[in-house]
Amino acid sequence: YRQAAGGRPEWVSFISYDSSATEFEQSVQGRATVSRDNSRSESSLSLRALHPRDSARYFCAVHTGTGNPAEL
């Protein structure tokens, strides 16, 4: 997710637990890469060819596995 100053959170990217599936919001498609290392509990999102709209606070959410979206 990302959130520009004064704005609402916006979904940016998804990566599956085993990294076999990735998805990107249309505005970053082709400019973004995402990866994760489960052994280190790390994930990374990189953006190229930055646009003014890319200026935001970026953060991640982790699915708890409960199936309840309120518990992300």
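**Exercise 1. Find the volume of the largest pocket and describe its lining.**

Solution. The volume of the largest pocket is about 810 Å³. Here a pocket is an open set of points on a 1 Å grid over the protein atoms alone, with protein on both sides within 12 Å along at least five of seven lines. Its volume is the space filled by probe spheres set on the points, which are joined across faces, edges and corners.

Before going on, a note on the model: it is predicted, so local features need pLDDT of at least 70 and side-chain atom pairs count only at pLDDT 80 or more, while totals for chains, interfaces and linings use all residues. Residues are numbered from 1 along each chain as its sequence is written, and side-chain values use heavy atoms, with hydrogens and water left out.

Next, the lining: 23 residues line the largest pocket, and Ile15, Arg36, Cys60, Ala61 and Val62 lie nearest its centre. Lining residues have an atom within 4 Å of a point.

Then look at the strands (DSSP runs of E, at least two residues, numbered from the N terminus). At least two lining residues come from each of β2 (13-15), β4 (32-37) and β5 (42-47). The largest share, 4 residues, belongs to β5.

Finally, sort the lining by type: 14 residues are nonpolar, 7 polar and 2 charged. Ala, Val, Leu, Ile, Met, Phe, Trp, Tyr, Cys and Pro count as nonpolar, Asp, Glu, Lys and Arg as charged, and the others, Gly among them, as polar.

**Exercise 2. Trace the salt bridges of Glu10.**

Solution. Start with the definition: a salt bridge is a side-chain nitrogen of Lys or Arg within 4 Å of a carboxyl oxygen of Asp or Glu. The whole structure has 5 of them.

Glu10 pairs with Arg2, their closest N and O atoms being 2.7 Å apart. Arg2 is buried, at 3% relative accessible area (buried means under 20%, exposed over 50%, partly exposed in between, with a 1.4 Å probe and protein chains only).

Glu10 also forms a salt bridge with Arg53, with the closest N and O atoms 2.3 Å apart. This pair links distant parts of the chain, 43 residues apart: Glu10 sits in the loop between β1 (2-3) and β2, and Arg53 in the loop between β5 and β6 (57-58). Arg53 is partly exposed, at 48%.

**Exercise 3. Describe the overall fold in secondary-structure terms.**

Solution. Count the elements: there are 0 helices and 6 strands. Along the sequence they follow the pattern β-β-β-β-β-β. Of the 72 residues, 15% count as buried.

Conventions: 1 Å grid on protein atoms, 1.4 Å probe; cavity = no way out; pocket = protein on both sides within 12 Å on 5 of 7 lines; lining within 4 Å.
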